[in-house]
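Visitor: Could you take me for a close look at the buried part of this protein, and at what surrounds it? I would enjoy a walk from one spot to the next.

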Amino acid sequence: MTKRKNISPVSPDKTTIIKRRVNWHEAAACAIRIELRDYEEILEFQNEYVLGKNNYRIDMLIIKKLTSESIPKNIARIFQSYNLFEFKGLGSSISIASYYKTIGYAGIFISRTNETKHCTALDVTITFLSFYYPRNLIRHLIKERNIEVVKSSPGIYYVEKETFFIQIIVTKELPADENLYLRCMTNQLKDSRLTDRLADDYEKHMDQEIYTKYLNQITRANNTKKGESTMVCEGLFELYGTTSQEFYDRGKEEAKQEAEKLYLPKIDELASSNRQLSSQNDYLKELLRQNNISFNLEECQQC
């Protein structure tokens with residue numbers, strides 16, 4: 001892979017990536033906007049949309065400003081005037097309870113919108129975004145509600161004969177050629193072809209904040225944890241203008257510099273009061289030994 005230069009978003013240090021939790025909601029919101037970037041002139045995006053005084057929230061509301069204009073993108077073919085999104089993080093799926101809760105929120109949204117303009121269920125769509133196929137929910141809809149769930153295209157399922165237009169998007173099933181950013185929402189991003197494409201696309205849009213936010217979360221999710229070697233996609237490190245080996249070497253160098261900052265002032269102070277040893281190296285080691293300071297370089301680097 002050809003190394004890319006000077007394409008670092010907010011360079012995260014290794015410790016920060018390991019300790020901070022991945023914000024999958026932020027990654028999903030950014031991915032949706034990027035996927036629909038060709039239609040941003042007719043779309044308005046609102047994250048964490050609040051429904052009235054009870055502080056009920058919709059993860060994302062997308063308003064289609066030109067209702068007569070269709071959007072051929074696979075994730076937006078069902079779009080009407082108001083499009084509600086519910087995100088599920090990695091490792092979770094859409095439960096039966098969250099399904100009906102979101103439908104309830106859609107009803108509240110219509111009631112609230114009708115205070116200023118006319119709105120019906122035909123003007124609203126609901127999109128559930130999930131990493132896993134919601135098997136229990138779909139079994140419930142088919143067997144207990146006699147509702148049809150139809151696979152429209154890879155990774156996209158339409159819930160038919162429901163009150164609202166509803167689709168379920170399973171990100172791990174989406175085609176990478178059409179949905180690169182949604183498809184890469186995983187902590188097991190091992191396909192170098194995908195990371196190469198992310199790097200190439202980021203180079204073209206590195207001045208836009210949503211790309212930086214997305215890549216920060218995906219890189220954090222895929223970074224190697226202590227004692228493990230789960231991260232094999234060097235492309236994510238290259239998005240930050242580096243590699244995993246350079247990350248490691250940089251950490252060692254920073255540790256060495258910190259050790260020098262701590263020890264050298266003590267050495268200078270001691271040296272100014274004692275200059276009896278003939279060999280500078282022996283003198284240095286003796287000073288360190290007398291003051292219980294390690295002079296083993298490897299020990300310093302492991303501190």
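Guide: Let's start with Cys184, which has a relative accessibility of 0% and therefore counts as buried, the cut-off being under 20%. Please keep in mind throughout that this is a predicted model. Cys30 is also buried, with a relative accessible area of 5%. A disulfide is a covalent bond between the sulfur atoms of two cysteines. A search of the whole structure finds zero of them, so neither Cys30 nor Cys184 is part of such a pair by the 2.5 Å cut-off between sulfur atoms.

Now to Met185, which sits in the loop between α5 (180–183) and α6 (192–205). Although Met185 is in a loop, its relative accessibility is 8%, so it counts as buried. What does Met185 touch, not counting residues up to four places away in sequence? The list is Trp24, Ala27, Ala28, Ala31, Leu90, Phe131, Tyr214 and Ile218. For Phe131 there is also a C-alpha distance: 8.1 Å from Met185, with their positions 54 residues apart along the chain.

Two names on that list lead us onward. Ala27, a contact of Met185, is also in contact with Gln217. Gln217 belongs to helix α7, which covers residues 209–222, and it is buried at 6% relative accessibility. Leaving aside neighbours within four places in sequence, Gln217 meets Arg21, Val22, Asn23, Glu26 and Ala27. With Asn23 there is a polar approach as well: a polar atom of the Gln217 side chain lies 2.8 Å from the backbone nitrogen of Asn23.

Ala28 is the other link, since it touches Met185 and is in contact with Phe87 too. Phe87 is in strand β3 (residues 82–87) and is buried, with a relative accessibility of 3%. Setting aside residues within four places in sequence, the contacts of Phe87 are His25, Ala28, Ala29, Ile32, Asp59, Met60 and Leu129. Phe87 and Ala29 are 58 residues apart in sequence, yet their C-alpha atoms are 8.6 Å apart in space.

Leu129, one of the contacts of Phe87, brings us to the strands, as β4 covers residues 124–130. β4 pairs with β7 in the parallel sense over six bridges, and Thr127 stands opposite Gln167 in β7. Strand β7 itself (residues 165–170) is mostly covered, with five of its six residues buried. β7 also pairs with β6 (residues 156–160), this time in the antiparallel sense over four bridges, with Ile156 opposite Ile169. β6 and β7 form a hairpin with four residues between them, and Lys161 in that turn has a positive phi of about 65 degrees.

β6 has a further partner in β5 (residues 148–153), paired in the antiparallel sense over five bridges. Here Val149 stands opposite Val159 in β6. The hairpin of β5 and β6 has two residues between the strands, and Gly155 takes a positive phi near 85 degrees in it.

Let's go back to the loop between β6 and β7, where Glu162 lies. Is Glu162 buried or exposed? Its relative accessibility is 15%, so Glu162 counts as buried. Its side chain makes a polar contact with the side chain of Arg145 at 3.1 Å. Beyond neighbours within four places in sequence, Glu162 is in contact with Tyr99, Ile103, Arg145 and Ile147.

Tyr99 and Ile103 carry us to helix α3, where both are among the buried residues. The others buried in α3 are Ser98, Thr102, Tyr105, Ala106, Phe109, Ile110 and Thr113. Because this buried set covers an arc of only 155 degrees around the axis, its members are on the same side of α3. An α-helix has 3.6 residues a turn, so residues three or four places apart point the same way. Helix α3 (residues 96–113) has 18 residues and reaches 26 Å from its first C-alpha to its last, close to the 26 Å expected at 1.5 Å a residue.

Finally, a step back to the whole. The protein has 11 helices and seven strands, and 45% of its 303 residues count as buried. Among contacts between residues at least 6 apart in sequence, 63% join residues at least 24 apart.

Notes:
Residues are numbered from 1 along each chain as its sequence is written. This is a predicted model: local features need pLDDT of at least 70, side-chain atom pairs count only at pLDDT 80 or more; totals for chains, interfaces and linings use all residues. Side-chain values use heavy atoms; hydrogens and water are left out. Buried means under 20% relative accessible area, exposed over 50%, partly exposed in between (1.4 Å probe, protein chains only). A polar contact is a pair of N or O atoms within 3.5 Å; within protein, one must be able to donate a hydrogen and the other to accept it, and residues adjacent in sequence count only if both atoms are side-chain atoms. Contact means heavy atoms within 4.5 Å. The expected span of a helix is 1.5 Å times one less than its number of residues. The arc is that of the directions from the helix axis to the C-beta atoms. Two strands pair if DSSP finds at least two bridges between them.
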